[in-house]
Amino acid sequence: MYEKFGSFDTGAGGGTADYAFMMLIGSVWSAVSYPILRHFVWVEAIFTINLMFYVMYVWSRRHPDTRTTVLKLPVDASYVPFVHLAISLASGSSWFNAVHGIITGYVYCRIVNVIQTPQFLIDNFGRGVYAARSPGSFAGSGRRF
C-alpha cells in the first residue's frame with residue numbers, strides 16, 4: 001500500500017517521522033485505555049491486533065475512495081476495517097481487540113488535526129521520502145544447492 005499511495009502524512013514531516021508519531025500515539029492510547037476497558041471485557045493484553053486494526057482504520061480514513069479487495073471481493077477502503085472485523089467475528093476471534101484498535105484509530109484521526117509531529121522525531125527520522133528497492137537489489141550471502 002505504501003508504494004501505491006506514497007508517504008504517510010499526518011501534517012508535519014511526512015514519511016517515517018509521521019508514521020513513528022502515529023504508532024507512538026496508538027501504542028500509548030492502547031496501553032492507557034486498556035486497563036479501563038478491561039473492567040468491561042476480559043482479554044489478554046497483547047496489542048498486535050489492536051495496532052493492526054488501528055493502522056488499517058487510519059489508512060482507510062486517509063484513502064476513503066480507494067477500492068481494494070478482501071478475500072477477492074472488491075471493497076471501498078472506508079469499509080476495510082469493518083469487513084476484517086466481520087471476518088474475525090465469523091472465524092470466532094475476539095471482537096474486543098479489533099474494536100479497541102478501531103476506536104484508537106478514530107481517536108487518532110480526531111486529534112491529529114490538533115497536534116503535529118514533534119520536531120525531535122522529524123530530526124531523528126527525517127522527512128524522508130520512501131523509495132522502494134528495485135526487485136534485484138537484494139544481495140544475500142546464501143548458497144545455492
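**Close-up views of a predicted model**

Buried residues make up 32% of the 145 residues in the chain. The model is predicted.

**View 1. The whole chain: six helices and two strands.** Along the sequence, the elements run α-α-α-β-β-α-α-α. Of the contacts between residues at least 6 apart in sequence, 67% link residues at least 24 apart. The exposed area is about 9,600 Å². Carbon and sulfur atoms account for 62% of that area.

**View 2. Confidence along the chain, with a mean pLDDT of 78.** A pLDDT of 70 or more is reached by 75% of the residues. Over residues 9-13 the value falls below 50. That stretch still has 18 contacts in the model beyond near neighbours in sequence. Which elements mark the lowest and the highest mean pLDDT? Helix α1, residues 2-5, has the lowest, at 48. Helix α4, residues 80-90, has the highest, at 93.

**View 3. Helix α3, residues 48-62.** This helix has 15 residues. From first C-alpha to last it reaches 21 Å, close to the 21 Å expected at 1.5 Å a residue. Which residues of α3 are buried? They are Asn50, Leu51, Phe53, Tyr54, Met56, Tyr57, Val58, Trp59 and Ser60.

**View 4. An aromatic pair between α3 and α4.** The model holds three aromatic pairs. One of them joins Tyr57 and Phe82 in an edge-to-face arrangement. The ring centres are 6.5 Å apart, with 90 degrees between the planes. Tyr57 belongs to helix α3 and Phe82 to helix α4, so the pair ties together parts 25 residues apart in sequence. Is each ring residue buried or partly exposed? Tyr57 has a relative accessible area of 6%, so it counts as buried. Phe82 has 38%, so it counts as partly exposed.

**View 5. An aromatic pair of Trp95 and Phe96.** This pair is also edge-to-face. Its centres lie 6.1 Å apart, and the planes meet at 75 degrees. Trp95 is partly exposed, at 43% relative accessibility. Phe96 is buried, because its relative accessible area is 6% and the cut-off for burial is under 20%.

**View 6. Asn97 in helix α5.** Helix α5 covers residues 95-111. Asn97 is buried, with a relative accessible area of 10%. How many ångströms separate the C-alpha atoms of Asn97 and Met52? The separation is 9.6 Å. Along the chain, Asn97 and Met52 are 45 residues apart.

**View 7. The loop between β1 and β2, with Leu71 and Lys72.** Strand β1 spans 67-70 and strand β2 spans 73-76. Most residues other than glycine have a negative phi. In this loop, Leu71 has a positive phi, near 55 degrees. Lys72 also has a positive phi, of about 70 degrees, and is not a glycine. Are these two residues buried or exposed? Leu71 is exposed, with a relative accessible area of 67%. Lys72 is exposed as well, at 80%.

Conventions:
Residues numbered from 1 in each chain as written. Predicted model: local features only at pLDDT ≥ 70, side-chain atom pairs only at ≥ 80, totals over all residues. Heavy atoms only, no water. pLDDT = per-residue confidence, 0-100. Helix = DSSP H or I, 4+ residues; strand = E, 2+ residues; numbered from the N terminus. Contact = heavy atoms within 4.5 Å. Expected span 1.5 Å × (residues − 1). Buried < 20%, exposed > 50% of the residue type's maximum accessible area, 1.4 Å probe, protein only. Phe/Tyr/Trp six-rings, centres within 6.5 Å; stacked < 30°, edge-to-face > 60°. Areas by Shrake-Rupley, 256 points an atom, 1.4 Å probe, with all protein chains shown as cover.
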